[in-house]
Amino acid sequence: YSVNIKERLDFSCAIFDAHGGLIANAPHIPVHLGSMGESVRAVMIANAGQIQPGDVYMLNDPFHGGTHLPDITVIKPVFDPAGRSILFYVGSRGHHADIGGS
């Protein structure tokens, strides 16, 4: 349970094309959506030739499309039925109050 997500609605969801371009988004937090495509492209570049069906990526890097460290982005490629090519990506970003530390 996260107060930030459940009560404050500090999250966003979107669909991106196979190149990381925004296709559709829910009307949530604009700052999330404006940079989330960069996160998708960062995953694509960092994992080029290695992305497989079932893979899910998580990042919060402000230098790769993140907004700030508590905003964690989850990106999942969606493949064709044969599992050979990526049709599109789905992404979500949510603000988490505790991301670790000491």
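This is a walk through the structure, stop by stop, with something to select at each one. Keep in mind that the model is predicted.

**Stop 1: the sheet**

Switch to cartoon view and find the strands. There are 5 of them, and they make an open sheet ordered β2-β1-β5-β4-β3, with antiparallel pairing. Now colour the two edges: β2, residues 22–25, and β3, residues 57–59, each have a pairing partner on one side only. Going from one strand to the next, the twist averages 20 degrees.

Start at the β2 edge. Select residues 11–17, which are β1; this strand pairs with β2 in the antiparallel sense, over 3 bridges. Which residue of β2 stands opposite Phe16? Show both side chains and you will find Leu22 there.

Jump across to the β3 edge. Here β3 pairs with β4 (residues 71–79), again antiparallel and again over 3 bridges. The pair to click on is Leu59 and Thr73, with Thr73 sitting opposite in β4.

Next, select β4 together with β5. How many bridges join β4 and β5? The count is 9, in the antiparallel sense. Phe79 is a handy marker, with Ile86 as its bridge partner in β5. The hairpin of these two strands has 6 residues between them, and Gly83 in that hairpin takes a positive phi near 75 degrees. If your viewer plots phi and psi, click on Gly83 there.

**Stop 2: Val43 in helix α2**

Select residues 30–46 to light up helix α2, then pick Val43 within that helix. Is Val43 buried or exposed? Its relative accessible area is 5%, so Val43 counts as buried. To see what surrounds Val43, show Ile51, Tyr57, Leu59 and Ile75: these are its contacts once neighbours within four places in sequence are set aside. Leu59 may ring a bell as the residue opposite Thr73 in the sheet.

For a sense of scale, draw a C-alpha to C-alpha distance from Val43 to Pro30: the two are 13 residues apart in sequence and 21 Å apart in space.

**Stop 3: Arg41, same helix**

Stay in helix α2 and select Arg41. At a relative accessible area of 29%, Arg41 is partly exposed. Add Glu38 to the selection, and you have a salt bridge whose closest N and O atoms are 3.0 Å apart. Why is about one helical turn between Arg41 and Glu38? Because they are 3 residues apart in helix α2. Glu38 is partly exposed too, with 42% relative accessibility.

Now look at what else Arg41 touches. Beyond its neighbours within four places in sequence, Arg41 is in contact with His19, Gly20 and Gly21. One more distance to draw is Arg41 to His64: they are 23 residues apart in sequence, with 8.4 Å between their C-alpha atoms.

**Stop 4: Asn4, Arg8 and Asp10**

Head to the start of the chain and select helix α1, residues 3–6, where Asn4 is found. Asn4 is buried, at 12% relative accessible area. Its side chain makes a polar contact of 2.5 Å with the side chain of Arg8. Not counting residues up to four places away in sequence, Asn4 also touches Leu9, Asp10, His95, His96 and Ala97.

Follow the contact to Arg8. Side chains of opposite charge can pair when their charged atoms come close. Here Arg8 forms a salt bridge with Asp10, with 3.6 Å between the closest N and O atoms. The partners differ in burial: Arg8 is partly exposed at 49%, while Asp10 is buried at 10%. The salt bridges in the model come to 2.

**Stop 5: His95 in strand β5**

Finish by selecting His95, which belongs to β5, residues 86–95. With a relative accessible area of 14%, His95 is buried. Which side chains make polar contacts with His95? Show His68, whose side chain lies 3.3 Å away in one such contact, and Asp71, whose side chain makes another at 3.1 Å.

Then expand the selection to see its wider surroundings. Leaving out residues up to four places away in sequence, the contacts of His95 include Asn4, Arg8 and Asp10 from the previous stop, and also Ser2, Ile5 and Pro70.

Terms used
Residues numbered from 1 in each chain as written. Predicted model: local features only at pLDDT ≥ 70, side-chain atom pairs only at ≥ 80, totals over all residues. Heavy atoms only, no water. Pairing = 2+ DSSP bridges. Helix = DSSP H or I, 4+ residues; strand = E, 2+ residues; numbered from the N terminus. Axes fitted to C-alpha atoms, helices over the stretch in contact; angles between N-to-C directions. Buried < 20%, exposed > 50% of the residue type's maximum accessible area, 1.4 Å probe, protein only. Contact = heavy atoms within 4.5 Å. Polar contact = N/O pair within 3.5 Å; in protein donor to acceptor, adjacent residues only side chain to side chain. Salt bridge = Lys/Arg side-chain N within 4 Å of Asp/Glu carboxyl O.
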